[in-house]
Amino acid sequence: MSRYVSYRDFDWLLLMFVLIICGLGVMEIHSATMHTKFAGAHIRQLYWIGGGIVGMFLVSLLNYQALLDKIHWIYIAAVASLMAVLIFGTKYLGARRWIKIGGNHFQPSEWVKLILILGVAKYFADSRHRELTPSDFVKAGALVGIPMLMVLAQPDLGTALTYVPIAVMGIFLGGLQWRQGLAVVLLVVLGIGVVFFTPHVHILKSYQKQRLTSFIEPEADKQGSGYQVIQSLIAVGSGGLWGGTGTQTHLSYLPVPQTDFIFAAFAEEHGFVGALGVLLLYFIVLMRLTQNAQTAPDRAGTFLVMGVVAVLSFHVLVNVGMVVGFMPVTGIPLPLMSYGGSSVLFMFLALGMVMNVRMRRFVN
Amino acid sequence: MFSRDDKVSAIRLTAVQYFILVIFMILAYGLWRLQVMQSDFYAQMAEKNRIRNVPILAPRGKILDRNGTVIVENYPSFSALLLRDSTRDLNADSDAIAQGLHLDPKEMRERIHKFISMPQYQPIFLKDDITQDELAFIESHRNELPELDTIMAHRRLYPRNGFMAHLIGYVGEVTEDMLNQPQFELYNPGDVVGVSGVEKQYNQILMGKNGSRRALVNSRGREVGRLDETAAVPGKQLRLTVDVDLQIAAEQALGDRNGAVVAMDPRNGEILAMVSRPTFNPNDFSVRISRNEWSRLVNDDDHPLLNKAIQAQLAPGSTFKIIEAVAGLQEGIAQDMKVNCSGGASFYGRYFKCWVVAEHRVHGSVDISKAIYQSCDVFFYTLGERLGIGRLAKYATAFGLGQKTGIDLPQEVSGVMPSEEWKIRNFKQKWFAGETISVSIGQGAVAVTPIQLARAIGAIASGGLAVRPHVANPTDLPPNVVPASDVPDKTNIPIDAKNWEIVTDAMAGVVNPGGTAPSAHLQGIDFAGKTGSAQTISNALKAKLGAAGKNFKDNGWFVGVEPRRNPEIVVCALLEEGEHGYLAARTVAQVIKAYVEKQNRQPTKIAKGSGQADIGAVWNMSDPDGRDDLKSGHFTLPISSNKVPLATAAPGLE
């Protein structure tokens, strides 16, 4: 393979849009945490972004195909790390999600996501069929499903759910047929039925069930699970067309405005115009990413980039959906805007992989 | 052959792009819906979040006696609060706080721990009704202990030692049951309302209207700004007809014995005093009452929470004979009746004893007057049999037995006056003639309350004018107050003048030598009344119970009036297990004496009597020589009932 890689092929346009979104995020974090005990979070977010950018450049230097060749080992390491969390993990807020290594906390479930994207890409890249066979289905499902169940056992429903779009995207692009698609939909409906409506089956804990359904009727539990949804709706709605004074955020009515509900905080302060603008930015980023996928040199590259697209769109859909009351509250952050190191790092590393693919598009 | 270099289907990639577009359009629609379509609604909700109505509590109206002496008022009471949304380490401060507020540190920590699951913006009440120095402690430690705060409320201050407790009643927070009733629909949870007695009856007047202050709050509930304010309307004060001096006399007269005393003016129905024993301390209810204390009060066999003056219905015993006497005289039977009392008599195959047997004597020949002042049972058995239960019930009911008096206090009971219809309606049985005999001496199914008895006897002594007792004068009340009952203010029951004289004179004989209560005699005061001693269980049952039967002591009654005809005051005393009517008589005599003595002290009494007054005067006058001369004179002036200016010029002066 000729190593004709140059930074001219780096997607500077994409990076620009990504940084605009990040910048808006930092601004909003600053505004939302100004008078609270989280003040100064926006500075820390800047450090994370800085670190992320460095990581992105580093990752883009790797040859992704070499990485893909080693993916089997990396995958095993990922599963092992999840196992380690379940066995050795420190409990915090009722869940085991972190491992303490030398005084720092690591949350494996985040970078397992990256590995899964790579793993699914590799699997379908090596696939010999144009159409999806049942065995493909099962194997791809297991590939994603096993880590997903381990994360679910922590318990971390939100993160576990983010693994699903990776599998879905892989299956769809791998040649899913109509009949198979219908079968999947049926399975999902059955699954929901089992999880929510069977009286004695406890796959999800009852508070998780309640969290997932309270968004439909938030007034039913105004002070409890419905509280966050109602406050979010109030914040967003009161923003009007051009934005309001941000009272809900500033008077602490909007819960966790710097993380899960950052979009609500932004919408309150900048109104419909501002919020739609941000959505537009995300849309542009996703379209640009898809374009990179279309120009990828091989199947693996396409799957890889589309895996990132899947995860990013899923996050945006769930987070913004939650903010406007269409989706349940699941603690899924808004990538690039929500305050939080693991989310920022994941995005930039994923972007690094995308740059990686794009920069090698003229190779071979 | 499909190799790794074959591209992913372009169609699928495009499909994904469109799918993402659709998702974003749905999200944009969601935003549109909230921020453009419903933005007003949410703007309003945002306002509601951040603006809170804080009530400004209205102080409750004071309660005064008839002369304006304050009986019940309010005092500002402070409660200590612990704010939990600050960043202070509460554990480190808890010892200091406990010491400053005189609390047990372990109990306080437990209490804090109990509330740990509640939202942080809700403060905890550490202590109610804190003292001045505890208040000072909080104020002076604002910097070191910022998590402490105070809140003020007005609390009711009632007289100590349960003075007038039953008449006044007490207040409490409105309960959920009460809020569901239609008359309480304007009240809010947390409002303090009257729960018993006058506090409850006149709650509408006493309770003010809370104002409100609109404040800007953050999600912690902390006030961060102030908007506007509506002032509170304080409650109006209420003037009762009760005379505090007489109340004190009545409370002292009854002392610690169980029972009740009620004093009323039979000319207009004004209640002058009302006591019930045992009593309770309504101040305990002012600050939250503990569950144990409440249980103790409710489960006490002597019923301290019961206002026995209006809620105890017991057999009246011989006091009933007055009503029976009026019935007998009005029906023309009793005037010429003479009965020989040999200690008892037989009726319908049973022997009924006269109480006099216990003193090892007999009454001998008895007429209506002697029968009253000696309380001869045999006479009244005979009279009762001749009247029959029908006529007895007719007169008794006319005087108000078996019905509420209409007094303006809550939960008055009506007592019982049996009759043939009554027995059929309640027991589906015929009236047995033998039962009339028990009723004729105020036993059997008859049951009265002290206020009923006072009203009835007062009516008889007033020549048949029965009044509606009340503790607050209708003229003192604002016009929109609904009257307490539809009993008419004054009712006339015809009594012939001669009969009236016979009964009232005989009643005077009761407290004179020869009567049943000579020890209650009051020198120089025209005092009259009737004793009563009512069994609480039948003789047969008492015999059956043997030694335990001795525990069921008789109740002692006395109803007295002053003066004997057209009295100014009627007092009824019930001594539970007091056994003897003459003991009750002494209690009543004490009250009457206090009344008379107070009347005598009043400077406003206008002299009645002859229409003349002697006036002496000394004055200065210059004689024609210009010298000052001292003159004196003695004049007799006619007095008319019109007000005459006393400074009349002496003859010779301009």
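Helix α3 of chain B and its surroundings

Student: Why does B:Ala96 count as partly exposed?
Tutor: B:Ala96 has 15 C-beta neighbours inside 10 Å. A residue with 20 or more other C-beta atoms within 10 Å of its own is buried, one with 12 or fewer is exposed, and one in between is partly exposed, with C-beta atoms placed from the backbone. B:Ala96 therefore counts as partly exposed. This is a predicted model, in which local features need pLDDT of at least 70 and side-chain atom pairs count only at pLDDT 80 or more, while totals for chains, interfaces and linings use all residues. Residues are numbered from 1 along each chain as its sequence is written, and chains are lettered from A and ligands numbered from 1 in the order in which they are written.

Student: Which helix holds B:Ala96?
Tutor: B:Ala96 lies in helix α3 of chain B; helices are DSSP runs (H or I, at least four residues), numbered from the N terminus.

Student: What makes α3(B) oblique to α4(B)?
Tutor: The axes of α3 (residues 90-100) and α4 (residues 105-114) of chain B come within 9 Å and cross at roughly 135°. Angles under 35 degrees count as roughly parallel, over 145 as roughly antiparallel, 65 to 115 as roughly perpendicular and the rest as oblique. The crossing angle therefore makes α3(B) oblique to α4(B).

Student: Which residues in α3(B) and α4(B) meet?
Tutor: B:Leu90, B:Ser94, B:Asp95 and B:Ala98 in α3(B) meet B:Pro105, B:Met108, B:Arg109 and B:Ile112 in α4(B), contact being C-beta atoms, placed from the backbone, within 7 Å.

How values were computed: Axes are lines fitted to C-alpha atoms, for helices over the stretch in contact, and angles run from 0 to 180 degrees between N-to-C directions. Helices (H or I, at least four residues) and strands (E, at least two) are DSSP runs, numbered from the N terminus. Two residues are in contact if their C-beta atoms, placed from the backbone, lie within 7 Å.
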